[in-house]
Amino acid sequence: MKRRNLRSIFRFLYGVLCALGFVILLPASKSIANETSSLPPCTRNGLTLTTTPAAPQPVTAHTTVIYDVALINHDAGACASRTVIFQPDPAPPAFTMFGDPTNTAIGPGETVRFTVSVTATSESDAGTHSLPFRVADISSGDAAPGLIKYTLASPNACAVRPDRELMILDPSVVDDPLRTIAVSADARSGAWSFGRLMERIAPTPAAAPAMVERFFQIWLSDQNINSFMVPARPGIRSLVLETWPRTAEGELDLGRAPLRLLAIVNRMDLRTMQNKGAAGEGRFVFGVLDRYGNAVPFTIIFEYRLPAVTQADVLAWARAWHALGELPFPGEHYNAALQALTDRFTARGRNTPMLNTIRSNEAALNTIWELREFRPTADGSIRQVPVESTPDTGYIADSPVIADYVNTNTVAIMRDAHVVPQKFKEAALLGGAALNNLVAWSAPGILDAEARHHFSVNTCNGCHGSRETHTEFLHISPRNAGAAAALSAFLRGIAVHDPVSGKLRILNELGRRKLELERLVCGGSH
């Protein structure tokens, strides 16, 4: 009986507490509702843009100009925030424009500031150009129109033309049927083809097919490089080895190699780095094709030394590349002159061509991008070696080893003259391959933010990464026949924020190389 009374009492008290809670909470709910209803209704007044500078000073071609843009949301009342995105309107093909924001939220009455970078190429006409853009609300479709003015100065008489002297992409060159297809013994035939270049690397042309097959077979097995294991990528068999046409003798038919020339590149800017006794490099960039002739994300780069002993030798190379910019273009006269220049470092001499390195960049064999490096040997084979300037990917997770290396070598790193050793303080450092997780190299304890950036951008995966250079891995993309390969923003010119310090940096590799060649061939203030 007593237990029943206690239960009744507890039930009664519980009911009272619930009732009291209801009484207490009800006014609070009303208060919140009243606050919400006190806001005026949403009034959509739109977005506006202002750009600074409105009238920039004239600049030379391949100069990146930075614009500060203010986006104002004039909405009022209980409007939801807008999610906006930068959209450049189609600009003349000789201009490159990049900007934020990307999916940025902006509330009623708020202002968002962002950066737009614009770069003109040598194909642009001198004068002031008006380049439209807009910032659009991705949910409603509303957009604020904007206009950027870019003033291009007339080129001086000695100006370098990157598209003809530094980064040659035009289909009239890279699709030249005489020089990109090895079909005969003519000295000009196939001079720029993958097969002919491999014949010049091999001990004899007859030994080239077997050498090339062994080269691609490297991907079939695990490789131990500088004590780091590089796992096999067996997809090379079905993508390349099983689809490559063969001769009646069963050898790879190098005249029908499933690779397409993407670019011929002048890298004389590398003459002050590791290339002792060299005026820099000349490069051929190829893209791998699938069984149907379609481009896949797989490039192979041949990097040749430009032999030089004296400063006069360096200047002779510079003048030879620069002379290409004065020739009629496009046409056979230009292509013949370019071949005469490339033959100087690719043709077989007393020993072998001046080939330094072969590099591969690919995500066609695995979902993770990977970069590998190879060197030709005296016996006519090609072996995989550690990737230059790039520690093993295992060090990328805030390793104190990276901080120690950067702090120890800050002076050389700041001059871009450092050489990352295979071992650092008895620990293996250089990677056997560079996996590209689109990250930036950093570590707690690095004392100089500029040194961190220079170190990172000189690694394979830092230079090819979205965080450091806004690059989705490839700087020169595979292309279809008849089209020019697309270049990364890092090459063309872009402003990006440092992923660690937040500093705004202008990255414009072609512009830098242009100024470097002009300093050699023009003298004076260049």
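At roughly what angle do the axes of helix α4 and α5 cross, and within what distance do they come? In this predicted model, the axes of α4, which spans residues 194-201, and of α5 come within 9 Å and cross at roughly 100°. Angles of 65 to 115 degrees count as roughly perpendicular, and α4 and α5 are therefore roughly perpendicular to each other. The description follows the usual convention, in which two packed helices are characterised by the angle and the distance between their axes.

The residues that form this contact can be named on each side. Helix α4 contributes Phe194, Met198, Glu199 and Ile201, and these meet Ala208, Met211, Val212, Phe215 and Phe216 in α5. By class, the contact of α4 with α5 comprises 8 nonpolar residues, no polar residues and 1 charged residue.

One of the α5 residues in this contact, Phe215, merits a separate account. Phenylalanine 215 belongs to helix α5, which covers residues 208-217. Its relative accessibility is 1%, and because buried means under 20% relative accessible area, phenylalanine 215 counts as buried. Leaving aside residues up to four places away in sequence, phenylalanine 215 touches Met198, Ile300, Ile358, Phe374 and Ile382. Met198 is also among the α4 residues that meet α5. A further spatial relation links phenylalanine 215 with serine 381: the two are 166 residues apart in sequence, yet their C-alpha atoms are 7.7 Å apart in space.

The backbone also deserves attention, beginning with the loop between β1 (47-52) and β2 (64-73). Proline 53 is found in this loop, and a cis peptide bond with omega of about 0° joins threonine 52 to proline 53. Histidine 62 lies in the loop between β1 and β2 as well. Its phi is near 65°, a positive value in a residue other than glycine. With 10% relative accessibility, histidine 62 counts as buried.

Elsewhere in the chain, another cis peptide bond joins phenylalanine 329 and proline 330, with omega of about -5°. Proline 330 is placed in the loop between α7 (311-323) and α8 (332-346).

A positive phi is also found at histidine 470, where the angle is near 60° in a residue other than glycine. Histidine 470 sits in the loop between α13 (466-469) and α14 (489-492). Is histidine 470 buried or exposed? Its relative accessible area is 45%, and because partly exposed covers the range between under 20% and over 50%, histidine 470 is partly exposed.

Note on methods. Residues numbered from 1 in each chain as written. Predicted model: local features only at pLDDT ≥ 70, side-chain atom pairs only at ≥ 80, totals over all residues. Heavy atoms only, no water. Helix = DSSP H or I, 4+ residues; strand = E, 2+ residues; numbered from the N terminus. Buried < 20%, exposed > 50% of the residue type's maximum accessible area, 1.4 Å probe, protein only. Contact = heavy atoms within 4.5 Å. Axes fitted to C-alpha atoms, helices over the stretch in contact; angles between N-to-C directions. Parallel < 35°, antiparallel > 145°, perpendicular 65-115°, else oblique. Nonpolar A, V, L, I, M, F, W, Y, C, P; charged D, E, K, R; others polar.
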